[in-house]
Amino acid sequence: MTDSSSSSSTSRENLVHKVNFSNPRSFSTTVKSDLKETFFPDDPFRQFKNETSAYRKAKKTVQYFLPVFEWLPQYSFKLFRYDLLAGITIACLAVPQGISYAKLANLPPILGLYSSFIPPLVYAVFGSSKDIAVGTIASASVLLGSIIEQAVSPKDNPTLYLHLVFTATFFTGVFQFALGFFRLGILVDFLSHSTIVGFMSGAATIICFQQLKGMFGLTHFTSKTDVISVLHSVFSQTHHWRWQSALAGVCFLVFLLATKHVKKKKPSLYWVSALAPMVTVVIGCLVAYFAHADRHGIQIVGHLKKGINPSSIQFLNFDPEYLPYTIKAGIMTGFLALAEGIAIARSFATMKHNQIDGNKEMVAFGMMNLVGSFTSCYLTTGPFSKTAVNYSAGCKTAMSNVVMAVCMMLTLLFIAPAFGYTPLVTLSAIIMAAMLGLIEYEEAYHIYKVDKYDFCICMSAYLGVIFLSMDVGLMISIGLSIIRALLCVARPPISNLGNVSNSAMYRDIEQYPSVEKVPGVLILQLGSPIYFANCTYVRERISRWMDHEQSISDSKSADIEHIILDMGGVSAIDITGIGMLTEVLKSIERKGINVLVANPKMEVMEKLMLSKLVDTIGKDSIFLSINDAVEACRFTLRSSKKGVDSKVETSEVIV
């Protein structure tokens, strides 16, 4: 019998794979590894590793930090033909959008044109996306204006207001550049998809309501952004409504929506929708000029001076009285612009099977906003509408942004004053047509069907924006997203596993009811890092599973004798978690139950070894896989059963 037992033990040892109990890594090695995974998960310097030539290393370094030198040497006239068409197309869209979105931020319309000249040139040097078309966005324009307006009124002191906008743009550039330079793109991930959908839809809704001012030709309007104040301002001035303006606005809006419908039905006719805003502006200018629209109560943009961007570096205002507002506006709008710009760049890159370096994009956005704040521009990023047109027009490289910038330069130098006749109602119609496409009710419904909590986050952003303010709505939604993340940490999943028939796989018995429980063995899978925040929950959950299993035992032979803790999903553990495991281990062993550990990760194993918990558990109770641990339990159960049978036989002989 001894020979049989020893041979079984030997065969089991041969089948069970050995666990690595090597000495823990040094503190410096651990910190280096953690920092690398946190800030350099994409291993950006991998392209330099195998280079022995100093010249080639220097060349690749320059190409890495200045992507223009990566694609420009291989640039050809064949590629330029596509970029030329795309650049001209997005320039036609940039003129009306630039004027319209500057109006949203309570800025002189010419700044919208300035912001489509210098920033695209900067992005062409630093940007890594081939599809992004640089420009201003409506949501950030409104958010920027609403925050700066808390410090100074654009009507009472337009000069100071303008200077504070330049300063906020400067802080946006510093913030975005710092995030990219220090590889802190992880912060942008706190803006979840649900938050962005809710915020953008809410911003689009409130912007549409605000355009009723231009549609009805109103001169006095509320400076607040919540829907109640906006609607009250509209309907309390019904005696000031001008039917001429409303009629023109409806006609322009119907035309713009019709062109969008054409594009939706026939995507190859994308240029119809892309050129529609420019056509609307041209028609509006001609009608306003020849019909003297201003005499009939239809307001126009007013004088636009010729010339390219003047310097604005001397206007940056760092007065402590206004600094909190400019910093707040810079960070919040910069955060929003990064999230939208990077998400859009990644989306279009995926269509072409390319990859986008988020940190490079942050540096590029930061640089173009820094330079923009010095050259009379305000916040710019990669707007969806313009980027979609750029992509549809067949752009091949960032040269399309250069072409657009050249077109804008020619516009500023020669024909800018002509756009001064643009009726404000035309701009309102253009904005409303663009914003209606950003109210993503279908996506919100999809979120509702898939995840109700995400839908609550989405709706909190939407309702917060339209009923409170844009910054409050955004903060509420981000707060709920963080709370959800904390709940996931504080309440990690712990599953009871069973064996899939005729295999070595073990799966959750709730998800797969057909799996078989291992008699006498409770297998628990811990599915997240064990920290101070979830230690109490993990301990209580293990106890509840033990009590549950013991309560459904039909006989003594089915009592739990072994507990296997699958720690494959535990990526980290802190000192509080180690203390909790020690308490759980002692509590379980006092009940006569053996504890085994399966598949601990390297960082967890190092902590267990340094805390001496490995010695408490026993190295022979730590296994590489659940199957190895189960086989060890079965071997122990068989040995125990043979021992009991042997004692029974011996007692019968004695009797």
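**Entry 1: a pair at helix 21**

I started with Asp454, which forms a salt bridge with Arg484; the closest N and O atoms are 2.9 Å apart. I then looked up where the two residues sit: Asp454 is in helix 21 and Arg484 in helix 22, 30 residues apart, and the pair links distant parts of the chain. I note here that I am working from a predicted model.

Next I checked accessibility. Asp454 counts as partly exposed, at 21% relative accessibility. Arg484 is also partly exposed, with a relative accessible area of 25%. I needed the cut-off for this, since buried means under 20%.

**Entry 2: the other partner of Arg484**

Which further residue does Arg484 pair with in a salt bridge? I found Asp451, with the closest N and O atoms 2.7 Å apart. Asp451 lies in the loop between helix 20 (441-450) and helix 21 (452-467), while Arg484 lies in helix 22 (residues 470-490), so this salt bridge ties together parts that are 33 residues apart in sequence.

I put the two pairs together: Asp451, Asp454 and Arg484 are linked in a network of salt bridges. As a general remark, side chains of opposite charge can pair when their charged atoms come close.

**Entry 3: a pair within one helix**

How many salt bridges does the count come to? The count comes to 4, and I looked up one more of them, between Arg634 and Glu631. The closest N and O atoms of Arg634 and Glu631 are 3.2 Å apart. Both residues lie in helix 27 (residues 626-654), where they are 3 residues apart, about one turn of the helix.

I checked accessibility here too. Arg634 counts as partly exposed at 28% relative accessibility, and Glu631 is partly exposed with a relative accessible area of 31%.

**Entry 4: the nonpolar cores**

I turned to the nonpolar residues. The largest nonpolar core has 123 residues, and those with the most contacts inside it are Leu107, Ile148, Tyr378 and Met435. Which helix gives the largest share of this core? It is helix 15 (residues 323-351), with 12 residues.

I followed Met435 further. Leaving aside residues up to four places away in sequence, Met435 touches Tyr101, Ala138, Ala204, Ile207 and Cys208.

I also found a second, separate core, which has 34 residues. Trp545, Ile573, Ile578 and Val614 are among them. In soluble globular proteins, nonpolar side chains tend to be buried together.

Terms used: Residues are numbered from 1 along each chain as its sequence is written. This is a predicted model: local features need pLDDT of at least 70, side-chain atom pairs count only at pLDDT 80 or more; totals for chains, interfaces and linings use all residues. Side-chain values use heavy atoms; hydrogens and water are left out. A salt bridge is a side-chain nitrogen of Lys or Arg within 4 Å of a carboxyl oxygen of Asp or Glu. Helices (H or I, at least four residues) and strands (E, at least two) are DSSP runs, numbered from the N terminus. Buried means under 20% relative accessible area, exposed over 50%, partly exposed in between (1.4 Å probe, protein chains only). A nonpolar core is a set of buried Ala, Val, Leu, Ile, Met, Phe, Trp, Tyr and Cys residues joined through side-chain atoms within 4.5 Å. Contact means heavy atoms within 4.5 Å.
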